[in-house]
Amino acid sequence: MTFKCLLIISLMIVAASLEERPPGKRLIKYDMKEPAKWMTLEEINQLPVDKRKTLIDLTRRGSDLQPGAAQGRKHEMECKLPDHALYKDTVRKLIPQIEKDRLEAVVQKMSSFHSRNAQIFFGATEAEGWLKNEIKTILADFKGSSSTHFIAHPKPEEGETWSRYLQDNIIVRINGNGKNTKDRLVILGAHYDSIIGFDIFDIENYEKRGSRSPGADDNASGCAALLEVLRILSQSGTKLKYNVEFHFYTAKEYHISGSWEVVNRYYGKNAPIIGMLNLDRIGYGNDIGVYGSFHNKSEILGTFVKILIEEYVGKKWVAKNRKVGHGDVIWDMPEIFFTDQASWEDYSYPAVSLMETEGNPHLHTENDTIDHVNFELVNDFTKVAIAFMVELGEPASASLQMQVEWTMMGVSFVGIWLLY
């Protein structure tokens with residue numbers, strides 16, 4: 001499917017969102033070539049099922065996407081990243097601490113729950129409770145400063161059934177050790193919910209919400225990588241200059257509602273984000289895909305992530321977009337707009353997703369089980385995640401000489417173009 005560049009998409013969304021909300025209607029984006037429209041539930045249910053199209057509920061987002069909002073925001077930081085890996089010694093000491101058996105154990109446990117559907121399976125006895133307890137266990141002996149908090153769905157509006165959720169978004173922070181850096185953040189994220197079927201507006205799929213949905217690849221694999229990076233950073237004694245956070249999102253399968261609620265809170269606090277890396281479906285096939293809109297700061301971040309893949313994994317990344325003509329973008333797959341990094345990009349934060357590149361035929365079915373997960377690939381993604389946190393979080397003990405090595409990349413469109 002061919003998409004217009006994200007700027008054009010955003011402008012179309014804005015045009016529809018500025019209208020006053022009609023009673024009983026939702027702001028729905030169904031065809032990326034067309035503006036969003038206000039629709040009743042009956043009209044939504046009558047939309048044809050088309051795997052080339054993904055329905056997005058923009059009702060809650062409309063008021064925040066105003067013309068010019070992507071410019072001059074207080075939270076924005078000058079996007080300058082090094083053109084090579086700086087802290088190789090630190091990263092290469094941590095990578096061997098990855099335990100593949102632990103990655104497998106997490107995927108096995110999370111996929112053993114009947115389902116992780118965010119609307120039905122929540123609380124202490126479900127995957128949500130297990131994940132919270134696992135995080136608590138990992139941090140039990142941590143000597144540094146850390147915190148864990150939860151962001152829940154706000155009170156749903158009348159008739160809002162498809163985008164509400166009952167699980168918590170789980171946020172874990174390890175505080176940095178640098179001076180005057182307490183609010184700067186590096187974020188690693190993954191969603192932990194699972195779902196059966198692809199179209200939640202299809203009545204048949206909606207009625208199957210309680211069906212078995214193991215979600216081993218989608219996305220117990222991403223959560224396993226996050227937990228392993230959290231364990232290694234907290235137990236290795238590594239101290240970073242900047243704050244780092246681990247975000248376990250819920251309701252990704254319901255229009256990325258969970259991560260959007262998190263980003264909305266951070267935006268309200270003018271949080272300065274150095275970079276956000278999202279892991280979603282990292283256990284099928286053999287290649288690492290770099291996904292994102294790759295506009296402005298996300299493009300620079302994406303280029304840096306590719307550098308980390310080549311440096312620490314030793315394999316070529318697979319880019320999931322390419323430029324043609326005069327700035328138009330051909331999206332190879334729709335996931336770049338419909339996974340959790342997109343919530344951050346909505347607010348002009350630098351964010352990129354790492355995902356597998358091969359189409360997993362078992363996604364959103366009862367067959368997304370651990371026997372279809374390639375843990376060598378999960379291990380490779382985990383290496384990149386460790387490198388991302390360390391390289392952008394910066395070791396607090398790094399020498400002045402190392403910090404002087406930073407070679408700033410130009411942010412001009414000409415400079416970016418030459419990288420592709």
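# A guided tour, starting from helix α11

Begin by selecting Phe-388, which has its place in helix α11. The model in your viewer is a predicted one, and the values given along the way are computed from it. With a relative accessibility of 0%, Phe-388 counts as buried. Now add Gly-275 to the selection: this residue is 113 residues away from Phe-388 along the chain, yet the two C-alpha atoms are separated by 9.0 Å. If you set aside the neighbours of Phe-388 within four places in sequence, the residues in contact with Phe-388 include Val-186, Ile-187, Met-276, Leu-277 and Leu-301. Val-305, Leu-308 and Gly-393 are also among the contacts of Phe-388.

Stay in helix α11 and select Leu-377, which lies there too. Is Leu-377 buried or exposed? Its relative accessibility is 2%, so Leu-377 counts as buried. Asp-287 is 90 residues from Leu-377 in sequence, while the distance between them in space, from C-alpha to C-alpha, is 7.3 Å. When residues up to four places away in sequence are not counted, Leu-377 touches Asp-287 itself and, among others, Ile-282, Gly-283, Tyr-284 and Lys-315.

Next, show helix α4 (residues 100-112) together with helix α11 (residues 375-393), and you will find the two packing at an angle of about 110°, with their axes 10 Å apart. Angles of 65 to 115 degrees count as roughly perpendicular, and α4 and α11 are therefore roughly perpendicular to each other. On the α4 side of this contact, select Lys-100, Leu-103, Glu-104 and Val-107, and on the α11 side select Phe-375, Glu-376, Val-378, Asn-379 and Thr-382. Sorted by character, the residues of the contact of α4 with α11 comprise four nonpolar, two polar and three charged.

Just beyond α11, select Glu-394, which has its place in the loop between α11 and α12 (400-404). Although Glu-394 is a residue other than glycine, its phi is positive, near 60°. Glu-394 counts as buried, at 7% relative accessibility. A second residue to compare is Arg-281, in the loop between β8 (273-279) and β9 (288-291). Arg-281 is not a glycine either, and it has a positive phi of about 65°. At 5% relative accessibility, Arg-281 also counts as buried.

Now turn to the aromatic residues, where three aromatic pairs are counted. For one of them, select Tyr-266 and Trp-344, whose ring centres are 5.7 Å apart and whose planes stand at 85°, so that the pair is edge-to-face. Tyr-266 belongs to helix α8 (residues 257-268) and Trp-344 to helix α10 (residues 341-346), so this pair ties together parts that are 78 residues apart in sequence. Tyr-266 is buried, with a relative accessible area of 8%, and Trp-344 is buried as well, with a relative accessible area of 0%. Another pair is formed by Tyr-267 and Tyr-347: the centres of these rings are 4.7 Å apart and the planes are at 45°, so the pair is tilted. Tyr-267 lies in helix α8, and Tyr-347 in the loop between α10 and β13 (351-356), so parts that are 80 residues apart in sequence are tied together here. Tyr-267 is partly exposed, with a relative accessible area of 23%, whereas Tyr-347 is buried, at 2%. Before leaving this region, add Tyr-349 to the view, since Tyr-266, Trp-344 and Tyr-349 form one aromatic cluster.

For a ring with a charge over it, select Lys-132 and Phe-150: the charged end of Lys-132 sits over the ring of Phe-150, 4.2 Å from the ring centre.

Move on to helix α7 (residues 216-235), in which 19 of the 20 residues are buried, so that the helix is largely enclosed by the rest of the structure. Within α7, select Asn-219 and follow the backbone to Asp-218, where a cis peptide bond joins the two residues, with omega about 5°. After α7 comes Gly-237, which has a positive phi, near 85°.

Finally, zoom out to the whole protein, which has 13 helices and 13 strands. Of its 420 residues, 56% are buried. Among the contacts between residues at least 6 apart in sequence, 83% join residues that are at least 24 apart.

Conventions:
Residues are numbered from 1 along each chain as its sequence is written. This is a predicted model: local features need pLDDT of at least 70, side-chain atom pairs count only at pLDDT 80 or more; totals for chains, interfaces and linings use all residues. Side-chain values use heavy atoms; hydrogens and water are left out. Rings of Phe, Tyr and Trp (its six-membered ring) pair if their centres lie within 6.5 Å; planes under 30 degrees apart count as stacked, over 60 as edge-to-face and the rest as tilted. Helices (H or I, at least four residues) and strands (E, at least two) are DSSP runs, numbered from the N terminus. Buried means under 20% relative accessible area, exposed over 50%, partly exposed in between (1.4 Å probe, protein chains only). A charge sits over a ring if NZ of Lys or CZ of Arg is within 6 Å of the ring centre and within 35 degrees of the ring normal. Axes are lines fitted to C-alpha atoms, for helices over the stretch in contact, and angles run from 0 to 180 degrees between N-to-C directions. Angles under 35 degrees count as roughly parallel, over 145 as roughly antiparallel, 65 to 115 as roughly perpendicular and the rest as oblique. Contact means heavy atoms within 4.5 Å. Ala, Val, Leu, Ile, Met, Phe, Trp, Tyr, Cys and Pro count as nonpolar, Asp, Glu, Lys and Arg as charged, and the others, Gly among them, as polar.
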